[in-house]
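Here are a few notes to read alongside the structure, set out as numbered points for someone meeting it afresh. Please keep the view open while going through them.

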Amino acid sequence: MHVSRGAVCNSVTCGELRPKNVGERVVICGWVQYSRLSKFLLLRDAYGLTQCIVGSDDTDLSSLQLESVVQIEGMVSIRPRDTVNHEMATGEIEVTIIKLKVLNPSEKVAFNLRNYQKPKEQLRMQHRYIALRFPEMQNNLRTRSQMLHKMRRFLVENYGFIEVETPTLFCRTPGGAREFVVPTRHKGLFYSLVQSPQQFKQMLMSGGIDRYFQVARCYRDETTRPDRQPEFTQLDIELSFTTLEGVLTLIEEMLYDTFTKPLPRPPFNRITYKEALENYGSDKPNLLYDLKFINIKHLFDKKENDNFGALLLPYPSEMGKLTTKYKEKVKDIAKKYNAKVVLNENISKEYTSDLQERIQDAIGQNRAAIISISEDTENACLCLGEIKEMIISVLKSKELLKVNDNVAPLWVIDFPLFVKGDDGLQPCHHPFTAPHPDDLHLLETEPLKVRSLAYDLVMNGNEIGGGSVRIHSPHLQVKIMKMLNIDPEKLRHFVNALSSGCPPHAGIALGIDRLMAIACDAESIRDVIAFPKSHDGRDPLSGAPNVLSHSDRNYYHLNHIK
């Protein structure tokens, strides 16, 4: 990798030198990774490692601490053949030190940068400025930067999009995820941190900004998981005068052009929400594993209940019986979804010989199965889907599961517009999603049967993007708000924007953190974020969130309740 040396004090990087540079006088800067016998040291920067060797008695390495920052001026020479390190890009050369200048000595480092003795994540996050020096973190953040750069170029140069920054401080959005509130010096008045630029980007469409995008910071006061943080980054996209097909085609082309791993040539595969549940038990199927449900509803006499569901999950019989620990988990999952689960060893006890035979025909030879049954098809699907994740972990531990190494993007479409909540209807995505035009006649009589024009992009079992065609009619938007028990007056500014001549529009948001975790083969999105939060949403580096002083609480008119 060529790096311009303008305005810096080194002439080459630590990953740049090769045999062709032998005889050159160079200047390199970096961190001391390793020192031996007061004669050798390994110098590291963001681009690699270079071995340096003492050239005269004037150079003293004995007091040089690891992770000190130094500048070395020296001559490039070829290494003796028996000392060549083929695991280093610069392993054929070394730099004989002429001058060594300590730019900043390291007094104390919390841990050494050795992959074989890498500290636990909590310590790495507490001293993140050191953990960022690990080569994989350097690579992850540079890969992230490069991919975002390519995405920006694709949108701007290929399709004429413009990047617009929208506010982070805003008002509460009813009907969405829980938001962080921000106190102000005005008594009783608060901002909310935006959970996404959703309202702003739709108002930009009303403002004639017909092709918008933004690398947006978003905030949600939700439980932290390996794929979720309280603050996260999304590539936010909205465009006017388009359709569902238009957005899907755009994103497929962009990812095919910019993603760091090979993707199948567009168009990507698509399935409906209903198909995803009935085949995989999840609205974000993982196609890396060939574990698909088999519908056996027809084997049961349940004509009086059209919503009855019966599915089985076939798996290699070599897995054997589940342990007591896993059986207890299965019981808990079945109870959660009000479903009946029949383990493979109990099929003969539960059903007649005729039904056993028909079930075995469905399972196939040398296969075992788990069956999920419920009076509600969706519950049967979700129950078996959760059990499937557990079965996958067991099969992987016993090396009985074939894994597809390729990234398998998949569109999930035809989501329901509404789901049933504790206090009535709730939006499946958000309140601004357009209903499917073919289902508009069901809006008042059977709202739970109305599909939406929403779509999710799934990769390897992760939802990495979601969007929809938006409601651009103010009358329909107000109607949907009322159905969701949202007071339209709280969103009057938004309804007014739709009323002022807003074109049809649609958009999507791609989760950059999740996308990068897949691109970098990272176990957690924390590995592709420079300064992430811990599993409990805290910042181990600074200790945030912190207690406010008494004077600050007074300024913001806050009373602390114990």
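1. The count of cavities of 30 Å³ or more comes to 1, and the largest cavity has a volume of about 30 Å³. Its lining is made up of Y315, G320, K321, L322, L343, N344, E345 and I370. Please bear in mind that this is a predicted model.

2. The domain assignment divides the protein chain into domain 1 (19-104), domain 2 (137-270 + 408-550) and domain 3 (289-398), so that domain 2 is written as two segments. Taken over C-alpha atoms, the centres of domain 2 and domain 3 are separated by 35 Å.

3. Helix α5, which covers residues 244-258 and has 15 residues, reaches 21 Å from its first C-alpha to its last, and this is close to the 21 Å expected at 1.5 Å a residue. The buried residues of α5 are L244, V247, L248, L250, I251, E252, M254, L255 and T258, a list in which E252 and T258 appear beside residues such as L244 and V247.

4. Which residues touch the most other members of the largest nonpolar core? In this core of 67 residues they are I237 and I251. The largest share of the core, 7 residues, comes from α5.

5. Leaving aside residues up to four places away in sequence, I251 touches I237, W411, L457, I508 and L510. A second, separate core of 40 residues has A276, I333, A339 and I387 among its members.

Conventions: Residues are numbered from 1 along each chain as its sequence is written. This is a predicted model: local features need pLDDT of at least 70, side-chain atom pairs count only at pLDDT 80 or more; totals for chains, interfaces and linings use all residues. Side-chain values use heavy atoms; hydrogens and water are left out. Helices (H or I, at least four residues) and strands (E, at least two) are DSSP runs, numbered from the N terminus. The expected span of a helix is 1.5 Å times one less than its number of residues. Buried means under 20% relative accessible area, exposed over 50%, partly exposed in between (1.4 Å probe, protein chains only). A nonpolar core is a set of buried Ala, Val, Leu, Ile, Met, Phe, Trp, Tyr and Cys residues joined through side-chain atoms within 4.5 Å. Contact means heavy atoms within 4.5 Å. On a 1 Å grid over the protein atoms alone, a cavity is a set of points where a 1.4 Å probe fits but cannot get out, and a pocket is an open set with protein on both sides within 12 Å along at least five of seven lines; lining residues have an atom within 4 Å of a point. Grid points are joined across faces, edges and corners, and a volume is the space filled by probe spheres set on the points.
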